[in-house]
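Visitor: I would like to learn how to read a protein model feature by feature. Could you walk me through one?

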Amino acid sequence: MRFALLPRKYVLTILRKNILFSLLFLFKVGNIFAQNYFANADFEAINNCTEFHQDCASEAWFYLKPAVTPLINNYVVPKPFSGKDLLILPVENIYKKTSKKRTFVYTMLCCPLQIGKNYKVCFYINSAGKAFHGIDFYFSDKEYISENFNNDSLTPSIHISTEDISNELAGWNFVETIYKANGKEKFCYVGNLSKSVFDYSPIERMNKEGDIFYFIDDISFKPVITEKLCSQYQLNIESLFAQNLRHTEAALINASQDLIKDTIIVPSVFFETDKATLKPTFKIALNKIIQKITEKNISKIEIEGHTDNTGTAEHNKELSIARAMTIKSFFLEKLPFLQEQITALGRSSEVPIASNKTSEGKAKNRRVQIVLSYTTSKK
């Protein structure tokens with residue numbers, strides 16, 4: 001804007017507003033870390049996934065239903081309100097017309113809340129030019145996995161509507177609200193708990209899968225009246241940062257400290273082309289995996305089949321399931337006592353780990369992923 005073209009009083013008014021907003025921004029951001037019960041509140045710390053050895057999500061924040069980080073077209077991601085990174089929040093899918101299919105983000109509070117006390121939630125939100133229909137926070141003393149997280153039966157602890165947002169700047173809106181604790185809060189789930197479907201058109205989808213996202217930055221959750229930090233504050237933050245798994249249901253923050261998780265990738269070359277039949281030459285490699293398994297106290301083995309996006313969705317689903325079942329059957333032939341611990345499912349092309357636009361990327365996506373959960377090695 002060229003101030004020289006405006007009367008002096010308007011220039012001063014605009015300058016005062018800009019200075020005031022800047023001061024408010026600095027004050028709010030500066031206080032994000034003061035007794036904040038959300039870890040990695042500015043989302044600048046990025047997790048490097050153990051499974052794939054690459055950056056994949058914000059540290060201390062996890063995706064539930066499905067347990068993956070959603071892929072998104074970069075051109076629809078807004079510039080962060082501050083810093084270099086933000087939180088991607090899935091809120092709806094234009095193809096899955098049911099609330100049970102929604103993905104949620106969650107974290108563990110750095111300290112438990114004190115019953116009857118008030119806590120202030122502040123953050124910036126951007127709907128990337130899409131209509132804003134609201135988001136929900138749900139506090140629980142339980143850490144869920146997808147299969148037992150029934151969002152249809154949950155009542156939001158906090159509902160954020162259009163009436164709660166203000167101070168729009170470059171698409172970002174400031175939100176501030178008060179929450180009264182019931183004393184049972186340990187985990188915070190964020191997403192869309194609405195029983196009705198948000199009305200978005202197909203052209204508004206933000207990735208191939210049809211997801212709609214909002215974006216959050218600089219979030220704060222603090223007591224209205226300052227209280228002494230719990231003794232586990234730093235330990236809880238370290239536990240959140242220590243969990244580097246993102247693409248498996250074994251990625252529990254609150255898992256036993258003795259629980260160890262290893263991820264093994266079986267590439268598609270182990271199988272006959274477009275089939276679920278194992279090539280004999282690669283059975284030796286699988287036998288080595290089985291030998292490692294026999295040396296551990298296994299609590300769970302998750303086997304997931306994955307494909308690239310070539311072919312029909314129906315064929316890819318069938319192939320991914322068949323390959324996962326092949327590996328499961330191979331394991332059970334040698335380890336029949338693990339019948340109850342082994343699960344197998346097919347994810348089709350839903351969870352790519354590389355771009356499907358290149359042959360190299362497609363090769364990486366065609367895989368069977370095995371997650372071993374165990375405690376300690378046998379003596």
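Guide: Here is a short tour of this predicted model.

Visitor: How many helices and strands does the protein have?

Guide: The protein has five helices and 16 strands. Buried residues make up 49% of its 379 residues. Among contacts with a separation of 6 or more, 80% join residues 24 or more positions apart. The protein exposes about 19100 Å², and 55% of that comes from carbon and sulfur atoms.

Visitor: Let us turn to the interior. Which residues have the most contacts inside the largest nonpolar core?

Guide: The general idea comes before the case. In soluble globular proteins, nonpolar side chains tend to be buried together. Here the largest nonpolar core has 68 residues, and F123, I135, F137, I216, I219 and F221 have the most contacts inside it. Strand β12, residues 211-223, gives the most to this core, with seven residues. A second, separate core has 23 residues, including I327, L332, V368 and I370.

Visitor: Which residues does I216 touch?

Guide: Leaving aside residues up to four places away in sequence, I216 touches F43, L86, L87, L89, F123, Y124, I125, I135, W172 and V190. Two of these partners, F123 and I135, are also on the list of residues with the most contacts inside the largest core.

Visitor: I135 begins strand β7, residues 135-140. Are the two faces of β7 covered or open?

Guide: Both faces are covered: I135, F137 and F139 are buried on one side, and D136, Y138 and S140 are buried on the other. That agrees with the count for the strand, where six of six residues are buried.

Visitor: Which strands pair with β7, and in what sense?

Guide: β7 pairs with β8, residues 158-160, in the antiparallel sense over three bridges. With β11, residues 187-191, β7 also pairs in the antiparallel sense, over five bridges. To follow the register, take D136, whose bridge partner in β8 is H159, and F137, whose bridge partner in β11 is V190. V190 is also one of the residues that I216 touches.

Visitor: Now the cysteines. Which two does a disulfide join?

Guide: A disulfide is a covalent bond between the sulfur atoms of two cysteines. This structure holds one disulfide, which joins C111 to C230 with an S to S distance of 2.0 Å. The link is left-handed, with -90 degrees about the S-S bond. It connects distant parts of the chain: C111 is in the loop between β5 (104-108) and β6 (118-126), while C230 is in the loop between β12 and α2 (233-242), 119 residues apart. Both C111 and C230 are buried.

Visitor: What about C110, which is in no disulfide?

Guide: For C110, the nearest cysteine sulfur is that of C111, 6.8 Å away. C110 is buried, with a relative accessible area of 0%. C122 also counts as buried, at 11% relative accessibility.

Visitor: Finally, how do I read a helix such as α4, and which of its residues are buried?

Guide: An α-helix has 3.6 residues a turn, so residues three or four places apart point the same way. Helix α4, residues 313-334, has 22 residues and reaches 33 Å from its first C-alpha to its last, close to the 32 Å expected at 1.5 Å a residue. Its buried residues are N316, L319, S320, R323, A324, I327, K328, F330, F331 and L332. Two of them, I327 and L332, belong to the second core.

Key: Residues are numbered from 1 along each chain as its sequence is written. This is a predicted model: local features need pLDDT of at least 70, side-chain atom pairs count only at pLDDT 80 or more; totals for chains, interfaces and linings use all residues. Side-chain values use heavy atoms; hydrogens and water are left out. A nonpolar core is a set of buried Ala, Val, Leu, Ile, Met, Phe, Trp, Tyr and Cys residues joined through side-chain atoms within 4.5 Å. Buried means under 20% relative accessible area, exposed over 50%, partly exposed in between (1.4 Å probe, protein chains only). Helices (H or I, at least four residues) and strands (E, at least two) are DSSP runs, numbered from the N terminus. Contact means heavy atoms within 4.5 Å. Two strands pair if DSSP finds at least two bridges between them. Accessible areas come from the Shrake-Rupley method with a 1.4 Å probe; for residues, only the protein chains shown count as cover. A disulfide is a pair of cysteine sulfur atoms within 2.5 Å. The expected span of a helix is 1.5 Å times one less than its number of residues.
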